[in-house]
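This briefing is intended for a reader meeting the structure for the first time. It takes up the enclosed spaces, then one helix, then the chain as a whole.

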Amino acid sequence: MNLMDKLTILADAAKYDVSCSSSGSTRQGAKGTLGSAAKAGICHSFSADGRCISLLKILMTNNCIYDCAYCLNRRSNDKPRAMFTVEEIVNLTMDFYRRNYIEGLFLSSAIVVSPNYTMELLVKITETLRYQKQFHGYIHLKGIPGADPQLIQRAGQVADRLSINMELPSEKSLTFLAPEKQKQHILLPMQQIHQEIVQHRETRALARKTPAFVPAGQTTQMIVGASADNDLQILRLSAALYQKFSMKRVYFSAYVPVNQDSRLPQIAQPPMLRENRLYQADWLMRFYGFQAQELLDESNPNFDPDYDPKVIWAVRHPEQFPMEINTAPYKQLLRVPGLGVRCVQRIVSARKTARLDFDDLLRMHVSLKRAQYFITCKGKYYRVKDPQPDLILRALKPKVRSPYQQLSFFEEPAVQTPQVEVLPDQEFFPKASANTTTDLLPVF
């Protein structure tokens, strides 16, 4: 198989991995080296959600020894298989960089032969780029669950970012859909990376020339919609990962039905809206001071598809509103629907010199579409009078679903099914045996 055929197959197979962010790492170019990485990412252009848009994103191989129900590269699938050599990936990266096609590498792989064998090859590729080719561009490397800790350590010394995929939101789902994978094999490398980052950070505080370990941090990814796990479980797991392993980012990937398997749900389209709501909630936890238990609970375990999580929280807590824009504390204003971090910062800065009214907010480009129901200026609402929760929800409910759809990397199915029968979860997801072993992350 020639190199172009391999590139076509393995670049296409890599599109299902969304954990491809490049922010947070700095590598200065120097004489005799090639490339550099900027603090806000390696590229000069970013997509709207902050992802770098010019990474060479490929798999080393799509030939896998595992048979995970949801994965396109599963062992039992009759798909074209390919595998790059170490030299081919190194040469591709260098040639693409010299032609200004890319400014970094995102390298992942299916598991071939064994986790250690696969991880050894990935590390060898990265070390060759760093030490032999003197490549100082951005490298995001996928860690292989179950690989030897020494290989993970070597990878962290040459990669800007490492990521170990959680795959699914619970051990029950993992056992059911990917029985060859084990929870501890996923969590132990995460714990090791976190501990190494902390240790190297402390060492660098004493000796600045100490090499950084995974300077852009670690990330992970979960598939949404392939299992019966609700949004509350996913959000609790995300919060635990941020707290325990200091994750830089937790990514959510809407389940794409690429396989026929009785263990999988029968859906016509990926649950993109659910993925979006989870990202909104993730943002609220990371930047707005919300906790997972504030956004969802056992009585409301899933997000409302018609409203963003911030609106639903505000409607369920009428005692918090309205907030007076001239006196409310900064952290409280962050909880007002429609007000972002920068808007609140501008408001807090401007009200130091004068009391603000709604004209002032409009001049500061503050959107009042949602905020008008939850704030007052000088004791008065903006064009509304004593809004009640049910009236707010009716006003903010989308009147008509947009005929436009988010563009997809995936081809549309040749035959569209007009109607899909929705069955109870238990018919899709039989109960799996519970594992009672004490582990690193009980919420998983």
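In this predicted model, the second largest cavity is lined by Leu295, Leu296, Asn302, Phe303, Asp304, Pro309, Ile312 and Arg316. Helix α10 gives the largest share of that lining, three residues. The points below begin with this cavity and then turn to the largest cavity, to α10 and to the protein chain.

**The second largest cavity**
- The volume of this cavity is about 50 Å³.
- Five of its lining residues are nonpolar, one is polar and two are charged.
- Pro309 and Ile312, both part of the lining, are also among the buried residues of α10.

**The largest cavity**
- A search of the whole structure for cavities of 30 Å³ or more returns two, and the largest has a volume of about 730 Å³.
- Its lining comprises 37 residues; those nearest the centre of the cavity are Tyr70, Cys71, Asn165, Glu167 and Lys181.
- At least two lining residues come from each of α6 (183-206), β5 (218-224) and β6 (249-254).
- By class, this lining consists of 21 nonpolar, ten polar and six charged residues.

**Helix α10**
- Helix α10 spans residues 309-316 and is mostly covered, with seven of its eight residues buried.
- Those buried residues are Pro309, Lys310, Val311, Ile312, Trp313, Ala314 and Val315.
- The elements covering them include three further helices: α8 (272-287), α9 (292-295) and α14 (389-396).
- At the N-terminal end of α10, Asp308 acts as a cap, with a side-chain oxygen 2.9 Å from the backbone nitrogen of Lys310.
- Lys310, whose backbone nitrogen takes part in this cap, is itself one of the buried residues of the helix.

**The protein chain as a whole**
- The protein chain contains 15 helices and eight strands.
- It has 444 residues, of which 50% count as buried.
- Considering contacts between residues at least 6 apart in sequence, 69% link residues that are at least 24 apart.
- The exposed area of the chain is about 22800 Å², and carbon and sulfur atoms supply 51% of that area.

Methods
Residues are numbered from 1 along each chain as its sequence is written. This is a predicted model: local features need pLDDT of at least 70, side-chain atom pairs count only at pLDDT 80 or more; totals for chains, interfaces and linings use all residues. Side-chain values use heavy atoms; hydrogens and water are left out. Buried means under 20% relative accessible area, exposed over 50%, partly exposed in between (1.4 Å probe, protein chains only). Helices (H or I, at least four residues) and strands (E, at least two) are DSSP runs, numbered from the N terminus. Contact means heavy atoms within 4.5 Å. A polar contact is a pair of N or O atoms within 3.5 Å; within protein, one must be able to donate a hydrogen and the other to accept it, and residues adjacent in sequence count only if both atoms are side-chain atoms. Accessible areas come from the Shrake-Rupley method with a 1.4 Å probe; for residues, only the protein chains shown count as cover. On a 1 Å grid over the protein atoms alone, a cavity is a set of points where a 1.4 Å probe fits but cannot get out, and a pocket is an open set with protein on both sides within 12 Å along at least five of seven lines; lining residues have an atom within 4 Å of a point. Grid points are joined across faces, edges and corners, and a volume is the space filled by probe spheres set on the points. Ala, Val, Leu, Ile, Met, Phe, Trp, Tyr, Cys and Pro count as nonpolar, Asp, Glu, Lys and Arg as charged, and the others, Gly among them, as polar.
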